Each structure stands twice: as structure tokens, then as C-alpha cells.
Amino acid sequence: MIRVDQLTRHYGDFRAVDGLSFAVGPGEVMGLVGPNGAGKTTTLRCLAGIIAPSSGTVVIAEHDIQRDPIGAKRALAFIPDEPHLFEHLTVEEHLRFIGRLYGVADVEARIGPLLDEMELTEKRRVLSTELSRGMKQKLAIACGLLHDPSVLILDEPLTGLDPGGMRRMRATILARARAGAAVVLSSHLLTLVEELCTSLFVVRRGRCVASGTVAEIVASRPGLAGLSIEELFMALTAEEPAAPGA
Amino acid sequence: MIGTFAYLILASARNQLRARVARLRNPRYAIALLIGVTYLWFVYLRPSHDRPHTDELFGGGVAALLPLLLLAFVAWTWLSGGDRTALAFTQAEVTLLFTAPVSRRTLVLYRIARTQLKIVLTSLVWTLLFQPAGAGSGALLRAVSYWIVLSSVNLNRLGVALVRANGDVHGLRGARRNGLAIGVVVALVAMVAYPIATSWPLLKEASGPAAMTRVMTDALDRPPATWALFPFRLVLAPLSAAPGTAWLLAAAPALLLLAGMVLWVVGTDAAFEESAAEASVVQARRIEALRARRGTTATMVRNASRSIPLRPTGRPAVALLWKNAMWFVRSGTLRSMLLPPLGGVLSVVLLSSRSENAAFVVAGVCGVVAGMLLLVGPMSLRNDLRNELLHLSLLKTLPLRGRDVVLAEVASSALPLAGAQYLLLLVTLLSLAFTSVTALTPAIRIALIIGAVPLLVGLNGAVSMIHNGIALLFPGWVRLGVGDGGGIETLGLGMMNIALALAMLALMLLVPVTVLTIAVALLRARLAVGIVVGGLLAGALLITECMLCARALGGSLDRVEPLHVQG
């Protein structure tokens, strides 16, 4: 579903992402974790087709995002941490808009259940500007899920959600994965990552420092055995001491 | 605490100034500043510039009318409810200052002080731009005089917002205070309106603005108008006072009045924080809307009652067109664009059928407005890619080709403009039917009605495409949102864009205009046919050019990244 090979991205002389390679299959949830400035958001934006890789390839549902961006984008949904909505459209109009963009013929039939799932039914005729931060995030999630994407790219999806919303969102992500979607989830909520993700991809300074299931990572580094997810993260992303004289 | 706030204000101003100076290292801002300064010099500041002074225009009575204008403005702010955002603080100020151990009085003082930089700058600009007849000295005193007027207006605005907020928070007691204030304002207006009303027959007979001003001046110099205008004359008195002792004698009571207004505003009650926080949220939303919609076209959309249906299937890019049309309908822009043609139709019905001169006037006005709309419309109606570029991250995730996005966005502003111009053209032709113009036979009128459709669509498409193209290819040259601020370099940037757009339009018009001219010349024996054929061909050529541009710009849109647009 998602195949990334030697993904590299420069900003001028700065190498934000440096030769990342990974694959996420149907039903898998990959946790993309790393400290601030590690290159997570740049990676996700490359996957979503917002920015182009400097080199390397990104294949989404058998479509190379560079060569066939439309095919790739039809298959994916990108849900950023900051919801981008249109101030002059209501909740249900956002979904109709997305429905037309993605050619969802039965959009009207899907709107009701989706709004129920996101607890937005009462707000369906309300302008997006009148929604709270959490509701805006729910609407952005609903827009992402409307066309039943086979690839989900989530950047801190729980930002702004209340505990109930977080619980439902966790269930939604799992349900989509069980239905066959490939999911990439970036979050600093390590308990969420631990709960949902089938594998981890840990980055630091644009490079992969560990990948695989927690068991595989621990197996490759026996010193990490018995650590909590937080301790594991700290150990994997800790800066190496500077070499003497450096 | 005062020192802390002074530090905040001065450090912010210093950093803004530094940022503005630093960006002059970029050639585009340096060139733009040069163009802006040159423009201001030639238009306003050139010593030999022979522009009439305001006093010459109004027979020396303009100073006498200024208190009336000031009263009208103050009355309007009270009666219209004022602007709640006058109380607004930035979100950072609400978060950091409202929670800090700072008294309410200090906060209000800070709010007043924060606006002083803008007021001082505006006073200096006004001092340069508005020079009373014979004035050549005392620029500093004139600047202080303008500062007194502007500060008084600003304090009044703040006061209105506070009184209204009190009204909301304190129920009946607040409503009484609010009602009392409005009662005073109404009484002042009545005191001024009465002598003007009694002078109405003289005003009707007055010939020209100078005579009308004299009648008004006489009316306003009689009680009770002179009592009502007393505080306003007090505020304005330093402006017309001679430098020296006379100015000091005029400024002292004005400054005392200003101090009284400061005490009145500072003495507000506990409703302030709540109202200020609420106003800050409103302002933050406005800024968000401005950023989203990029400056001038920003409009707060408040209700979702009107809607346009959208079929779930079909060309996906139509969804963008629909989305932009929804803004067009809900922001009230559609209503304001339909007003001129509807006003024209009403004028035709009421006036044109009775008088040939009126018919000419209606035709002329509608024709000029249509022409202005063609040139200026695409600059002000930015319901297209220029709005969307700040949402580029979202736009890039949509499963659409760049050229489809460009076409849909350009059509979003070009089609409504073409529609409004077409309606104005129809009104013009209708008005001319009531005149003795014989050149426009019914056949030619019908030809114009048919030929104008593709021509106007093509023309507006071309103009909008150019402006969108400039925004996409040179995003740094186009004013982005409100964050870019104003300044002389922004004025220069705007002028550069207009020059570039006109050059590009001339290039795009070259072939279509040649074809139109040839068609009309070849078919001059059957002019109506020539107009239709020429209009269709020229329109088709313009639309083809637009499609080719969309193809090229679409490639650029596919390649452009959010950082390039926002950086």
C-alpha cells in the first residue's frame, strides 16, 4: 500500500529527511516517531504529495506520487494536526465538497453515519467558524474518511479532541486498519502509538534510527529489553555524545 | 508596570521596523519602495505641484464644517453600536496580560498607548498630505493638532465599545447608561439639525458648493448648533490656530478635553475584561478570515441560510468552483455586485423613459462602471487562487490536476465579473434605446448582446488569469494576507503588479483585437454580423489563450510548495 524508497528531502543545504525507506501493508499501522525537528512532518508531507522529495520514491496504492499524483491522492487521506477548513461552508457542505472531489456517488448516504461517528450530527448545518477546536479536528477527520481511503496518513490526529473523541478516534483508526487500510501515524502520544501501531519507525535528524515491531527493535538491541515505550523512545532518540575534539 | 508595557510597545515597534528595513535587502522590496516614494512625491509632495487647497474648493468655509463632520462621525459610532473590536487585544495579550497581576486601569492605559504609534504616524502623514492654504511653517504644531483630533476619535471609539459592553453585562442598569449616552448624542444631533432645517430653503437656492458652505456656516454659528458643536470645535481648534500663543491657547482646552476622555475610558468597570476578551476573539477570527481570504475581500460569513446544490459526481474541479460560489453568495459580494445593474434598471424605468439626458447619464454611468469593473474588478475580487494559495497544503492533497485547479479558480472570479458587466451592458443598451442615437440599430444591439458573451468571458478570464499567474509565479510580489502590513513598499508592489498585468493583457489582446478589427472591417457592410463574428472569434481566442495559460500555470502549481508561497 505504501512503499517508500530512499526518500530524501533538502531545504537548501539542510537535509530534513535523509534516505528513509519503509513499507506499510494493508491492515498495518506504522508509528512514525521522533523528537521535534526529526523530519516526521516533512516525511508525511512527502507521502501526501504536498511537497516533492528531493530524491527517492513514494508509492501509494501502486501509484508513484510523483508520476501519478492524482491516482495516489485518490487513494489516500492526509489528516494534519491543524485542521484546514473553509469558513463559508457548513459541516455537511464540507463533506459534499469532498464527495464531489473524490467522486463519492453515495455521499449523502455516507454523511449521516460519518457525522454520527464523529458526533457532529447536531452541527451539520453550522459554519466551520462556529465550531470548537476539537469539532474542527473531528470535521477534518470526517473529510479524510469520507471517500474510504485505502491509505491513511495521520499527523497528531488527536490534537484538540476530548477524551471521548480520542477514544472514538482510536477505535476509528483500528477499524479502518482492520478493514484493510494502511496507516501511518505520527504522534508524540507514545501510549497511543503503543496501543495502535503494529510497527514503529523511529527517526532522528532525518534518519531512521530503528524500525520494526517493538519486539524486533528490542531483539536487535538487547540493552533495551524491559524498557517502557517512553524509555525506549528516549534511548533510541538520545543524542550521541560529541566526539572529543569535535 | 508602566515601564514594562512601554518596553513591550517599543520593543515590538523596533522589531517591526527592523524587519521592514531588513526586507529592503530584497531587491523587490527596495524597488517597490523606490516606486512608492516616487509616486507619493509626484502626486502629493512635489513643491511645484499645483493642486487646489481644500479652502479654495469650499470658499474658505471648510474649517467651519469640520466640527459638523466630526459630530456626524461620533453620532454614527454611537448610534450604529460602534466597533467591538476597539476593545480587542491580541490573543497573546489576552493569554499573558489578563492572567498577569495587572490592574484593569493599567490594561486600558496600555490599550490606549498601543494605538498611539499608529496615531502618531498617521498624524505625521496627514501633516505632509493636508496642508492648509498658506501653511508653510509650524509642521510640528500641525502634527500635534492632528494627533489631538485622532486621539479624541480613538478614545471615543473605545468609549462607545465600553459603554455598549456595560450595557450587555449589567442588564437594565447598563442599558440605562447606554440609553443616556445615546440620548445625549441624539440631542446634539437635533441641536445641529434644527438650524440646518430652517436654512433649507436658502440651501436649495444656493448656487455651487461655496454658496452652500456659506449658508451652512451661518446656520451652524447660531444657537443651539453652536452649543452642540462646542466640544468638537474645541478639539479641532488647534488645527486652524496660528503658531505661537494662539496655538497654545487653542491646544490647552483641547488637551484638557482629551485628558477628560482618558479618565472616562480608564474609569470603566469590571465588564472590561470580559468584553475585551470577547472582542479579541472576534478580532482573531477576522484576522484568520483575512489571512484565509487574503486581505481586501475578507468578509465575515455569519449565516449559512443560502446554499447552492452540488451534484456528487461529475468533473471534480467543479467542486472548487462551487465552494468559491458559496463564498460569493454568503459573503454578500453577489448582492453588492448586482446592485449597480439593478440600480441601472431602476433608473432606466424611472428616468430614461422621461428624459433623453437622463437616459444618456444612465447609459454613461453603466458603461463606465462596466469598464471599471473589467480593469479593477479582478484586482479587488480575489475569490480565486490568490485566496487559495495560503491553503496550498490542503490544495496539494486534493486529487486534481494543477491546470484544472487553475481553471476552476480563475473561473470563480472571472465568471461573476463577466456576468455583472454583461448586465451593465444590457442596461446601457436599454438606456440608449430611449435616446436619439440612431447608429445603434436593433440589429446592432442584438449583435452586441450576442457577441459580448464570449468576449466578456474571455476578457475577464484573461485579466483574472494574469493576476492569478502573477500570484502563483511571483508570490512574494503580491500582498499576502494581513501579515505583510502596509507601507510605501506595499504601495510600490501594487503599482508594479498593475504595470505587469497591463503589459501582459496587451500581449494577450494582440491577436484577438486584430481578429475582431478585421472581422468588423471585412463585414462592415453587414456590421451586425461583423460584430457577432468578431466577438465570437475574439472571445474564443481569448478563452483558448486562457486554457493555454492554465496548462502552463497548472504545471507551476503542481511544482510549487507551501514554503515558496508563504516564504
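Author: Let's start with a rule for reading helix pairs: an angle over 145 degrees between N-to-C directions counts as roughly antiparallel. Keep that in mind as we walk through this predicted model.

Reader: Happy to. At what angle do the axes of α3(A) and α16(B) cross?

Author: Helix α3 of chain A covers residues 91-101, and its axis crosses that of α16(B) at roughly 155°. The two axes come within 8 Å. With the cut-off at 145 degrees, α3(A) and α16(B) are therefore roughly antiparallel to each other.

Reader: Which residues of the two helices meet?

Author: From α3(A) come A:Glu93, A:Phe97, A:Arg100 and A:Leu101. They meet B:Val318, B:Ala319, B:Leu320, B:Trp322, B:Lys323, B:Met326 and B:Arg330 of α16(B). By class, this helix contact holds seven nonpolar and four charged residues, and no polar ones.

Reader: Which side chains meet in a salt bridge?

Author: A:Glu93 and B:Arg330 do, with an N to O distance of 2.6 Å. Between chain B and chain A the count is two salt bridges. Polar contacts are another thing to look for, and here 11 residue pairs make them between the chains, with both residues at pLDDT 80 or more.

Reader: Which helices of chain B supply residues to the side that touches chain A?

Author: At least two residues each come from α15 (271-293), α16 (318-330), α20 (392-397) and α25 (562-566) of chain B. The largest share, eight residues, belongs to α16(B). Sorted by class, this side of chain B has 18 nonpolar, eight polar and 12 charged residues.

Reader: Now the whole interface. How many residues does each chain bring, and how much area is buried?

Author: A contact can be read by its residues and by its area. Chain B gives 38 residues to it and chain A gives 35. Together the chains bury about 3,100 Å², with 63% of that on carbon and sulfur atoms. On the chain B side, B:Pro312, B:Pro399 and B:Glu561 supply 20% of the area buried against chain A, more than any other three residues.

Reader: Let's turn to the backbone. Where is the peptide bond that is cis?

Author: For a peptide bond, omega is the angle to look at. The bond from B:Pro223 to B:Pro224 is cis, with omega near 5°. You will find B:Pro224 in the loop between α11 (208-220) and α12 (225-228) of chain B.

Reader: And which residue has a positive phi although it is not a glycine?

Author: That is A:Glu156, whose phi is about 45°. A:Glu156 sits in the loop between β7 (151-155) and α6 (163-178) of chain A.

Definitions and conventions: Residues are numbered from 1 along each chain as its sequence is written. Chains are lettered from A and ligands numbered from 1 in the order in which they are written. This is a predicted model: local features need pLDDT of at least 70, side-chain atom pairs count only at pLDDT 80 or more; totals for chains, interfaces and linings use all residues. Side-chain values use heavy atoms; hydrogens and water are left out. Contact means heavy atoms within 4.5 Å. Buried area is the accessible area (1.4 Å probe) that two parts lose on being put together, summed over both. A salt bridge is a side-chain nitrogen of Lys or Arg within 4 Å of a carboxyl oxygen of Asp or Glu. A polar contact is a pair of N or O atoms within 3.5 Å; within protein, one must be able to donate a hydrogen and the other to accept it, and residues adjacent in sequence count only if both atoms are side-chain atoms. Helices (H or I, at least four residues) and strands (E, at least two) are DSSP runs, numbered from the N terminus. Ala, Val, Leu, Ile, Met, Phe, Trp, Tyr, Cys and Pro count as nonpolar, Asp, Glu, Lys and Arg as charged, and the others, Gly among them, as polar. Axes are lines fitted to C-alpha atoms, for helices over the stretch in contact, and angles run from 0 to 180 degrees between N-to-C directions. Angles under 35 degrees count as roughly parallel, over 145 as roughly antiparallel, 65 to 115 as roughly perpendicular and the rest as oblique.
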